[in-house]
Amino acid sequence: MTRSFQYLRPDFPREACEMKAKHGGKAVFWAGGTDLMLQWRRGAVDIDYCIDLSGLDELRQIRSGEDATVIGALATIASLQAHESLGSDFPVLLDMAERFATPQIRNVATVGGNLCHGVPSADCAPPLISLDAEVRILSPEGERTLSLESFFVGPKQTALADDEMLAEISVRRLPPRSVCTFERMARSYVDIALASAACRLTIDEESRISEARIVMGAVAPVPLRSTGAEELLVGIPLVDITEGLLAEVGARAASDTRPISDVRTTAAYRKHLSGVLVKRAVAEAVRRLGE
Ligand SMILES: Cc1cc2nc3c(=O)[nH]c(=O)nc-3n(C[C@H](O)[C@H](O)[C@H](O)COP(=O)(O)OP(=O)(O)OC[C@H]3O[C@@H](n4cnc5c(N)ncnc54)[C@H](O)[C@@H]3O)c2cc1C
């Protein structure tokens, strides 16, 4: 049985944080509502105060600067697809957005809501972490910045304190000769991922891998970076990347996972799948760098 709640609509981000600080754990931020609505209907979340963020237009913007692109927390998944330069600056975000749910969900689901829900299957997380994204967090007292990688602290748990709000996600321009790829497997195109993987590779002027990021989704309590798999790639010339090395990288990443079994699939299948997806993501990055 759902209970009624009080509806609040702040005009400024700081006002939203003050409302949250005042009502604490009894208040929730409402962005697109695609996660929250389901939780509320199931009775999984008790809402006394609903703070509707939809009036905070400044947090809806995507700004492309010379050094970085800043994505407002309220930018929808569809707005990533519609943005004039995001797709050319960070094609992996376009690729992710195109595989995200349905157009109806993409029109209301926000990037910030996806990250703040804190589930390990959040599709925005692996590509953004592989791009070394940072998040800007507001509170009534001020603001702080931290890496997106450290934003996730457990299943449905983030680094946000009770009175804090995610304002922006910022992604620095990639070094030259960089490619980022995303792989995802779900039971159907409208379902959340069984597992996902993002890979970013940067090569130096001698075509040697100078930097690697491998991040997996839905296979641990939080989106998971495999530094062990990354180390297998750094320093290797592109031409020396063999099928055997790709398999080794996939296996190393899979060995880091701590998946669960649920209604969607088993832990064993998720572990296997993570290795396959990492291998595919790395192979695709290598292929594109070699073009
Ligand atoms: C049919 C369906 C298909 C889906 N498919 C996918 C999919 O393919 N991939 C995927 O990753 N997800 C999927 N989802 C999940 C959901 O759509 C996404 O996680 C979405 O991005 C959540 O954003 P939202 O704006 O709707 O968040 P909301 O539901 O409004 O909020 C989610 C949580 O984040 C908090 N929150 C929101 N914004 C902020 C903020 N700025 N600061 C602090 N806290 C905040 C809210 O309080 C709430 O706890 C699907 C959901 C449905 C119903």
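Ala, Val, Leu, Ile, Met, Phe, Trp, Tyr, Cys and Pro count as nonpolar here, Asp, Glu, Lys and Arg as charged, and the others, Gly among them, as polar.

**View 1. What kinds of residues sit around the ligand?** Keep in mind that this is a predicted model. Sorted by class, the shell around the ligand holds 18 nonpolar residues, nine polar ones and just two charged ones. In total, 29 residues surround the ligand. The closest are Ala31, Gly32, Ala101, Gly113 and Asn114.

**View 2. Helices and strands supply parts of the shell.** Look for strand S2 (27-30) and helix H2 (36-42), then for helix H7 (111-116) and strand S10 (165-172): each of these gives the shell at least two residues. Which one has the largest share? That's H7, with four residues.

**View 3. Two domains reach the ligand.** Domain 1 (6-55) and domain 2 (57-172) each provide at least three residues of the shell. The domain assignment also gives a domain 3, spanning 178-289. If you go from the C-alpha centre of domain 1 to that of domain 3, you cover 35 Å.

**View 4. Stepping back to the whole chain.** You can pick out 12 helices and 14 strands. Along the principal axes, the C-alpha atoms fill a box of roughly 60 × 45 × 30 Å. The chain's radius of gyration is 19 Å, which agrees with the value near 19 Å for a compact globule of 291 residues. Buried residues make up 44% of the 291 in the chain. And take the contacts between residues at least 6 apart in sequence: 64% of them join residues at least 24 apart.

Note on methods
Residues numbered from 1 in each chain as written. Predicted model: local features only at pLDDT ≥ 70, side-chain atom pairs only at ≥ 80, totals over all residues. Domains from an automatic or database assignment. Near = placed C-beta within 6 Å. Rg over C-alpha atoms; globule rule 2.2 N^0.38 Å. Buried ≥ 20, exposed ≤ 12 C-beta atoms within 10 Å, placed from the backbone. Contact = placed C-beta atoms within 7 Å.
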